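Please look through the structure shown below. The paragraphs after it go through its pockets and then two points in its backbone.

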Amino acid sequence: MAAEKKDNLNIKNRKARFEYEILDKYTAGIQLTGSEIKSIRSGEANLKEAYCFFRKNELYIKNMHIAEYTHGGVYNHDPLRVRKLLLTKKELKKLLEKKKKDKSLTIVALRLFISKRGFAKLNIALAKGKKIHDKRHSIKERESKRELQRALKYKG
């Protein structure tokens, strides 16, 4: 039963794919406290406003909301605290070089999930902000796909 619940946890940042053009994707571990991982396993996290930044050549995530654990008591965590992301040195160096080269790039959180080994992982992406006309194009594509699915559904 516990193994099934791990596979089902999948917290997404749907707004990120609409607001940004995704260039590179990475999977990072997160440095968490005990009450934070328990809250994540119960599905009480939000990536809506989350973004990543570099401090002393290390990557951190800010504004990722992890609700306080209900049974945490005095040992509970701050829901919006800054958390360190765990990547290899090679990946960190690559991200830092690309970000320094192009100032318009940002690093956003796409998806939070629990790995097969039980660790919390975060899919992050190096992204570039979309312009208004790009967003309109995304909406048109999504609506045309939806119309096509409806047409196929009625024929079948």
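**Pockets and backbone**

The largest pocket holds about 240 Å³ of space. The model in which this pocket is found is a predicted one. Two elements, helix 2 (14-19) and helix 5 (132-155), each give two or more residues to the lining of the largest pocket. Helix 5 has the largest share, with four residues. The full lining consists of R14, R17, F18, K130, S138, E141, R142 and K145. By type, six residues of this lining are charged, one is polar and one is nonpolar.

The second largest pocket has a volume of about 170 Å³. Around it stand K12, N13, R14, R17, K25, Y26, L110, R111 and N123. At least two residues of this lining come from each of helix 2, strand 2 (20-30) and strand 8 (105-114). Five residues in the lining of the second largest pocket are charged, two are polar and two are nonpolar. R14 and R17 appear in the lining of the largest pocket and also in that of the second largest pocket.

The backbone comes next. Most residues other than glycine have a negative phi. N57, which is not a glycine, has a positive phi near 60°. N57 lies in the loop between strand 4 (51-55) and strand 5 (58-62). Is N57 buried or exposed? N57 counts as exposed because its relative accessibility is 54%, and the cut-off for exposed is over 50%.

N63 is another residue with a positive phi, about 65°, although it is not a glycine. N63 sits in the loop between strand 5 and strand 6 (65-66). With a relative accessible area of 28%, N63 is partly exposed.

Notes:
Residues numbered from 1 in each chain as written. Predicted model: local features only at pLDDT ≥ 70, side-chain atom pairs only at ≥ 80, totals over all residues. Heavy atoms only, no water. Buried < 20%, exposed > 50% of the residue type's maximum accessible area, 1.4 Å probe, protein only. 1 Å grid on protein atoms, 1.4 Å probe; cavity = no way out; pocket = protein on both sides within 12 Å on 5 of 7 lines; lining within 4 Å. Points joined across faces, edges and corners; volume = space filled by probe spheres on them. Nonpolar A, V, L, I, M, F, W, Y, C, P; charged D, E, K, R; others polar.
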